[in-house]
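These are my notebook entries on one strand and its surroundings. I set out to record where the strand sits and what lies around one of its residues.

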Amino acid sequence: MSLILLLHGPNLNLLGQREPDVYGHDTLEDHVSRTRAIASEFGFEVEDLQSNHEGELIEAVHGARGRCDAIIINPGAFTHSSWALHDALAAYEGVVVEIHLSNPDAREPWRRTSVVAPVSTGAISGFGGTGYELAVRAVAAKLK
Ligand code: DQA
């Protein structure tokens, strides 16, 4: 069975309460459950981690090397700043899908730079929770 690592970065534990006008009312658990459900339709297992700590996310990426077929990652604000996360993903050989609930390109100028994008297979932004379903479908298409 193929394994997907689903990673969420800082402040995403507050989904459902945090700026619902931007990020919606679904909780992190709602998004994780939705991802698991669609992944199981494709025969994928999902491991998930949310962390507010950069090092913890980096170690999770290291742990995925040689073990997970794909990483779906919403790096939160680390998207725009974490070159350490960039380097960790550069050392990962599988499929990487960058995902955002909002469309960072349509928001403040500082959100328009993603340091994760150059080391991702592709990105899905701006479709809220539907993005997780699209991300799993993208992984399935890439792994086929
Ligand atoms: C986000 C977008 C980021 O700019 C922001 O810092 C987040 C959430 C999104 O899912 O839309 O924390 O990754």
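**Strand pairing and a buried histidine**

I began with the pairing of the strands in this predicted model. Strand β3 (residues 70-74) and β4 run parallel and are joined by four bridges. I noted that alanine 70 in this pairing stands opposite valine 95 in β4. I then traced the connection: β3, helix α4 (residues 83-90) and β4 make a right-handed β-α-β unit.

Next I looked up the other pairing of β4. Strand β5 (residues 122-125) also runs parallel to β4, and four bridges join the two. Here I found histidine 100 opposite serine 125 in β5.

I then checked how far β4 is covered. Six of its six residues are buried. In a regular strand, side chains alternate between the two faces of the sheet. In β4, I recorded Val95, Val97 and Ile99 pointing one way and Val96, Glu98 and His100 pointing the other way, all of them buried.

I turned last to histidine 100, which lies in strand β4 (residues 95-100). Is histidine 100 buried or exposed? I entered histidine 100 as buried because its relative accessible area is 7%, and the cut-off for buried is under 20%. Leaving aside residues up to four places away in sequence, I listed its contacts as Asn74, Pro75, Thr79, Ile124, Ser125, Gly126 and Phe127. I also noted a polar contact of 2.7 Å between the side chains of histidine 100 and glutamate 98. Both residues point the same way from β4.

Note on methods
Residues numbered from 1 in each chain as written. Predicted model: local features only at pLDDT ≥ 70, side-chain atom pairs only at ≥ 80, totals over all residues. Heavy atoms only, no water. Buried < 20%, exposed > 50% of the residue type's maximum accessible area, 1.4 Å probe, protein only. Polar contact = N/O pair within 3.5 Å; in protein donor to acceptor, adjacent residues only side chain to side chain. Contact = heavy atoms within 4.5 Å. Pairing = 2+ DSSP bridges. Right-handed = clockwise from strand over helix to strand, strands pointing away.
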